[in-house]
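Please open the structure in a viewer and keep the selection tool at hand. The tour below proceeds from one selection to the next.

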Amino acid sequence: MIKPYLMFNRECEEAFKLYIEAFGGELIAMQKYSEIPSSPDFPVEEGDKDLVLYSQIRLTEDGILMGSDSNRELEDSDKVVVSVELNSEEQARKAWNILKEEGSIHMDLYATFFAKLHGSLKDKFGVSWMFTVN
């Protein structure tokens, strides 16, 4: 089983709420740094207590996305793309329209020779998405 794991710059909770809205998904788990048992081996700064230590959401029937916040600044990466295959053009357009806000479109969502709809974009959090409707 492969599950994409996304790292965020202090915005995991906001990003996952947007992804749940876009795909009609479901929050499976979310643990904050404040929930870590106190330990000198893993000190948590006061300003980091609201960061997401671990989160998991279900975006589609068999599509799970995992993620957390980093307490250091991370650079965006174009080498990783979350590929989402959907059964409904309506569902794809809804998610597309939400995620493209404040993001950038790499390839517009349109019909191709291999799919009813296909396109790719980078959302406002720097995560790249590829949409396909078969």
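A residue is called buried when its relative accessible area is under 20%, exposed when that value is over 50%, and partly exposed in between. By that rule Glu26, at 44% relative accessibility, counts as partly exposed. The model on display is predicted.

**The whole chain**

Begin with the complete protein in cartoon representation. The secondary structure comprises 2 helices and 8 strands, and their order along the sequence is β-α-β-β-β-β-α-β-β-β. Along the principal axes, the C-alpha trace spans about 55 × 30 × 25 Å.

Next, switch to a surface representation. The accessible surface of the protein amounts to about 8,200 Å², and carbon and sulfur atoms contribute 48% of that area. Of the 134 residues, 41% count as buried. Among contacts with a separation of 6 or more, 56% involve residues 24 or more positions apart.

Now colour by charge. The protein carries 14 positive and 25 negative charges, and the mean positions of these two sets are 3 Å apart.

**Salt bridges**

Side chains of opposite charge can pair when their charged atoms come close. How many salt bridges does a search of the whole structure find? The search finds 7, and three of these are visited here, beginning with Glu26 and Arg58.

Select Glu26 and Arg58. Their side chains meet in a salt bridge, at 3.7 Å from N to O. This pair links distant parts of the chain: Glu26 belongs to strand β2 (residues 26–32) and Arg58 to strand β3 (residues 52–60), with their positions 32 residues apart in sequence. Arg58 is partly exposed because its relative accessible area is 32%.

Move to helix α1 (residues 12–23) and select Glu13 and Lys17. The closest N and O atoms of this salt bridge are 3.7 Å apart. Why are the two residues separated by about one helical turn? Glu13 and Lys17 are 4 residues apart in helix α1, and therefore about one turn of the helix separates them. Glu13 has a relative accessible area of 26% and so is partly exposed, whereas Lys17 counts as exposed because its relative accessibility is 54%.

The next selection is Glu46 with Lys49. Here the closest N and O atoms of the salt bridge lie 3.4 Å apart. Glu46, at 63% relative accessibility, counts as exposed, while Lys49, at 32%, counts as partly exposed. Then return to Glu13 and Lys17 and add Lys32 to the selection: salt bridges with shared partners join Glu13, Lys17 and Lys32 into one network.

**Aromatic rings**

Hide the charged side chains and display the aromatic ones. A pair of aromatic rings is described by the distance of the centres and the angle of the planes. The count for this structure comes to 9 aromatic pairs.

Select Phe16 and Tyr19. Their ring centres are 6.0 Å apart and their planes stand at 45°, so the pair is tilted. Both residues lie in helix α1, 3 residues apart, about one turn of the helix. Are these residues buried or exposed? Phe16 is buried, with a relative accessible area of 1%, and Tyr19 counts as buried at 0% relative accessibility.

Proceed to Phe23 and Trp129. This aromatic pair is tilted, with 5.5 Å from centre to centre and 35° between the planes. Phe23 lies in helix α1 and Trp129 in strand β8 (residues 128–133), so the pair ties together parts that are 106 residues apart in sequence. Both Phe23 and Trp129 are buried.

To see these rings in their wider setting, select Phe8, Phe16, Tyr19, Phe23, Trp96, Phe125, Trp129 and Phe131 together. Ring pairs link these eight residues into a cluster.

**A final stop on helix α2**

Select Asn97, which is located in helix α2 (residues 89–100). Asn97 counts as partly exposed because its relative accessibility is 37%. Add Leu109 and draw a distance between the C-alpha atoms: Asn97 and Leu109 are 9.9 Å apart in space and 12 residues apart in sequence.

How values were computed. Residues numbered from 1 in each chain as written. Predicted model: local features only at pLDDT ≥ 70, side-chain atom pairs only at ≥ 80, totals over all residues. Heavy atoms only, no water. Buried < 20%, exposed > 50% of the residue type's maximum accessible area, 1.4 Å probe, protein only. Contact = heavy atoms within 4.5 Å. Areas by Shrake-Rupley, 256 points an atom, 1.4 Å probe, with all protein chains shown as cover. Lys, Arg positive; Asp, Glu negative; His and termini not counted. Charge placed at Lys NZ, Arg CZ, Asp CG, Glu CD. Salt bridge = Lys/Arg side-chain N within 4 Å of Asp/Glu carboxyl O. Phe/Tyr/Trp six-rings, centres within 6.5 Å; stacked < 30°, edge-to-face > 60°.
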